[in-house]
Amino acid sequence: MYTKSFCVGDDRELAQLIDEFQQADFHPTLGIVFCSIAQNPSAIQRIFSSRGIDLIGCTTSGEICDDSCYDDHISVLLMDINRAHYRIFTAVDPEMTTNEHACQTAMAALKSFSEPGLITLSGGFTVNADEIIQGFKTVFGNHKVPIYGGQAGDGLRLKETYVFTSTVISNRGLATLILDIDRVEMTGLATSGWEPIGAVHTITKAEGNVVYSIDDEPALDFFIRHFGYFNSAEIAVQSLENMSTQYPLQLFRPDGYTVLRSPIIGDEAKRSLMLAGGVRNGDRFRFSMSPGFEVIDQTHEDFQAVHRLAPKADALILFSCKGRHSALGPLINDEVRGIYEQWQAPMTGFFSYGELGPNSDGFFDFHNETCSLVLIRARGQLNN
């Protein structure tokens, strides 16, 4: 499988580069596109459709291409993958819940291939991505299906995010690339490096991704007491942003592993917190914090283990949390560069509002503050 990654500043440059590739006898069948909310998905759709290239993508809170990070750009991965080896499926019915969208997607995956693998893009903060995982689990059951992906972003505006394909643009649905795992190998890992701190607490009242009380105390008051959240509106916003990037909740899962949930919005009237992912009454957690520079070394070490098992890839897709970007600052460039240099294969990605992927024990889940990487490689000589 031949692939090509590149990043451009606008749709005119995008069209020009694709034309140059096609004139040079590279004829991609599939494009994966991650673009700033400032770009025009409709124009991107027209460019791909008029050139006979299938499309899947979403808006971002920053773009990744190969070893570099960008803002307000369009990151593209072009692939000449056999159309019989993949399917693009959208679940965007406004009358359906996120869980129903996920169930619909999972059923389509099982109908498409005996061994499917999923790269799922969803709307951002308006979608409870925990329901995506629950919907997948309902349909897949014990069928081990590799699942990767991310929630669309909008540059931290928290207003509107979009997923799109050649024919669909949606602010709350799912767009999924379904791959035939018998023909295309998928390998990867989701890792965070955030360390748990302090005592264990319990979410005592929650609905979806909104937490109303922690340890029977109003959730926002609980945060005020623990993190010095002040009354001044300006300071309050800055403090909450700091908590979301520096002190996410590390939830305990029944299977013995943990996932992160970041607070993103506080409601002073209801004294509640909206998280970047769903929780349930009775969920137990500890706060967590970035260990500093060590988190990048840990990330690289974790992906080195993946590299030892899968040293070659035709393409890489990286989903990295925007909160992680905010916490690490300019050091995020070192993290991205170190990941790319291990494989030096074409890589696209974006800074997201949440990530899908497996931990080191192989449990697929929805994460915050996490770096999720998927490697794609054609099996054998099945490239055409």
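The exercises below, each with a worked solution, concern side chains and backbone angles in a predicted model.

**Exercise 1.** Classify the ring pair formed by Phe136 and Phe140, and describe where these two residues lie.

*Solution.* A pair of aromatic rings is described by the distance of the centres and the angle of the planes. A search of the whole structure finds 12 aromatic pairs. For Phe136 and Phe140, the ring centres are 5.8 Å apart and the planes meet at 35°, so this pair is tilted. The next step is to place the two residues in the chain: both belong to helix H4, which covers residues 130–140, and they are 4 residues apart, about one turn of the helix. As for accessibility, Phe136 and Phe140 are both buried.

**Exercise 2.** Find which residues are linked into a cluster by ring pairs, and which rings have a lysine lying over them.

*Solution.* Begin with the rings alone: Tyr2, Phe6, Phe21 and Phe26 are joined by ring pairs into a cluster. Then turn to the lysines, where the charged end of Lys205 sits over the ring of Tyr212, at 5.5 Å from the centre of that ring. A further case is Lys322, which lies over the face of Phe351 with a distance of 5.8 Å to the ring centre.

**Exercise 3.** Explain why Cys7 and Cys65 are not joined by a disulfide.

*Solution.* A disulfide is a covalent bond between the sulfur atoms of two cysteines. The cut-off needed here is that the two sulfur atoms lie within 2.5 Å. The cysteine sulfur closest to that of Cys7 belongs to Cys65, and because it is 5.3 Å away, it is too far for a bond. Starting from Cys65 instead, the closest cysteine sulfur is that of Cys7, again at 5.3 Å and too far for a bond. The structure as a whole holds 0 disulfides. To complete the picture, Cys7 is buried with a relative accessible area of 18%, and Cys65 also counts as buried, at 5% relative accessibility.

**Exercise 4.** Locate Asp72 and Leu158 in their loops, and decide whether each is buried, partly exposed or exposed.

*Solution.* Take Asp72 to begin with: although it is not a glycine, Asp72 has a positive phi of about 60°. Asp72 is found in the loop between strand S5 (68–70) and strand S6 (74–79), and its relative accessible area of 46% makes Asp72 partly exposed. Leu158, which is not a glycine either, has a positive phi of about 55°. The loop that holds Leu158 runs between strand S9 (147–151) and strand S10 (163–165), and with 29% relative accessibility Leu158 counts as partly exposed.

Key. Residues numbered from 1 in each chain as written. Predicted model: local features only at pLDDT ≥ 70, side-chain atom pairs only at ≥ 80, totals over all residues. Heavy atoms only, no water. Phe/Tyr/Trp six-rings, centres within 6.5 Å; stacked < 30°, edge-to-face > 60°. Buried < 20%, exposed > 50% of the residue type's maximum accessible area, 1.4 Å probe, protein only. Lys NZ or Arg CZ within 6 Å of the ring centre and 35° of its normal.
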